[in-house]
Amino acid sequence: MMENLNNVSVLVYGSAIVDFICYVDRLPKAGETLLGSKFSNGFGGKGANQCVAAARLGAQTALIAKVGADSWGENYIKQLQKEGVNVNYVQQCKGQSTGIAQIAVSNDGENHIIIVPGANDFLDQDNVTEARTLFDSAKVLLCQLETPPSGTLNALKSFKGVSILNAAPAMANTPKELIQAATILCVNETEAALMTGVEAIETISEAKTAAIKLIEMGASTVIITLGSQGAIYMEKREPQVCIHVAAHKVEKVIDTTGAGDAFLGALAYHIDKYPQKPLHQHIGYANSQAAYSVQFPGTQSSFASASLPNDCKEYHYDIV
């Protein structure tokens, strides 16, 4: 176990999942069997991914999660320790398997993902209580929806710093309590569309409309990521102002798996390190880390390390 719990700056409450990745020319249609070109497996889950992304950039991180009492769970804990993550509250569940994700990645970098949660389904409110020391000391909290919402809600309500809810996988009827409990709600265009009942979000203008609806649903601050178009954000205190932060150009996209997690881990790291900077600067930096990740295969294996990012750079933004 690691010591110095009070040194944790970025706390992540969420999932740990093992990825099984097949690479194919294109994604299959319903009922279709395709021959793949490559197979790999790695460590994933939105919670652990975001935690590792922040740790790689230099944040003092801790993860609250559950894995199975199996070899995958044991290996995952060892991997997190190698990444410098505090694993005092990553528990192995007897009689449960480690969560897994079946991922298909096409030549253009797009993906399909199926998740079997396993032990992740047993992360609950008691785990928040057990980790009270971390909740009292950390500066930024990251949560997602790959674990039971009741525990996530308790984690958000128990935290006094900057809390970020990545509402993914999205729910059509996301409890308003969850939306209202976070300092920042962050979703991609697909998730925002599902949560707001919009048919699709393809433009910055459509994203702005969805952000307005999410603010009306009780969100304090909304970030909607838009892939190659960057991201927009809106705050409840100024709902008439929508800020767009452009994406970083990438010559060749290899694999978009985990790009959103790279974004969120970088966002948490930057907010913690530069709390005085405006949100568009945090988003600009997060965009740069997401752009870096899509140029490499895999999930955690594609995340940047502290020796690579320029976290002091100033990023351009537009009011839309």
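## Salt bridges, cores and a capped helix

Glu83 and Arg56 form a salt bridge in which the closest N and O atoms are 2.9 Å apart. The model is a predicted one, and this pair links distant parts of its chain, since Glu83 sits in the loop between helix H2 (71-82) and strand S5 (86-93) while Arg56 belongs to helix H1 (residues 46-56), 27 residues apart. Glu83 is buried, with a relative accessible area of 18%.

The structure holds 5 salt bridges in total, and the table lists those described here.

| Acidic residue | Basic residue | Closest N to O |
|---|---|---|
| Glu83 | Arg56 | 2.9 Å |
| Glu177 | Lys157 | 2.9 Å |
| Glu235 | Arg237 | 3.5 Å |

The bridge between Lys157 and Glu177 also links distant parts of the chain, with Lys157 in helix H5 (residues 149-158) and Glu177 in helix H6, 20 residues apart. Lys157 is partly exposed at a relative accessible area of 47%, and Glu177 is likewise partly exposed, at 44%. In the pair formed by Glu235 and Arg237, Glu235 counts as buried at 17% relative accessibility, whereas Arg237 is exposed, with a relative accessible area of 68%.

Turning to the interior, the largest nonpolar core has 46 residues, of which Leu63, Leu80, Ile164, Ile223, Phe263, Leu267 and Ile283 touch the most other members. Helix H9 (residues 259-273) supplies the largest share of this core, 8 residues. If residues up to four places away in sequence are not counted, Phe263 touches Cys186, Ile223, Thr225, Ile283, Ala286, Asn287 and Ala290. Another core, of 43 residues, lies apart from the largest one and has Ile64, Phe159, Val187 and Ala193 among its members.

Ala193 is also one of the buried residues of helix H7 (residues 189-196), together with Glu191, Ala192, Met195 and Thr196. The elements that cover these buried residues include strand S9 (162-166), helix H6 (176-181), strand S10 (184-188), helix H8 (204-216) and strand S11 (221-225). At the N-terminal end of H7, Asn188 acts as a cap, with a side-chain oxygen 3.1 Å from the backbone nitrogen of Thr190. After H7 comes Gly197, whose phi is positive, near 80 degrees.

As for the cysteines, the count of disulfides comes to 0. Cys143 is in no disulfide, and the nearest cysteine sulfur, that of Cys51, is 12 Å away. Cys143 counts as buried at 0% relative accessibility, whereas Cys22, at 37%, counts as partly exposed.

Key: Residues numbered from 1 in each chain as written. Predicted model: local features only at pLDDT ≥ 70, side-chain atom pairs only at ≥ 80, totals over all residues. Heavy atoms only, no water. Buried < 20%, exposed > 50% of the residue type's maximum accessible area, 1.4 Å probe, protein only. Helix = DSSP H or I, 4+ residues; strand = E, 2+ residues; numbered from the N terminus. Contact = heavy atoms within 4.5 Å. Polar contact = N/O pair within 3.5 Å; in protein donor to acceptor, adjacent residues only side chain to side chain. Disulfide = S-S within 2.5 Å. Core = buried A, V, L, I, M, F, W, Y, C linked by side-chain atoms within 4.5 Å. Salt bridge = Lys/Arg side-chain N within 4 Å of Asp/Glu carboxyl O.
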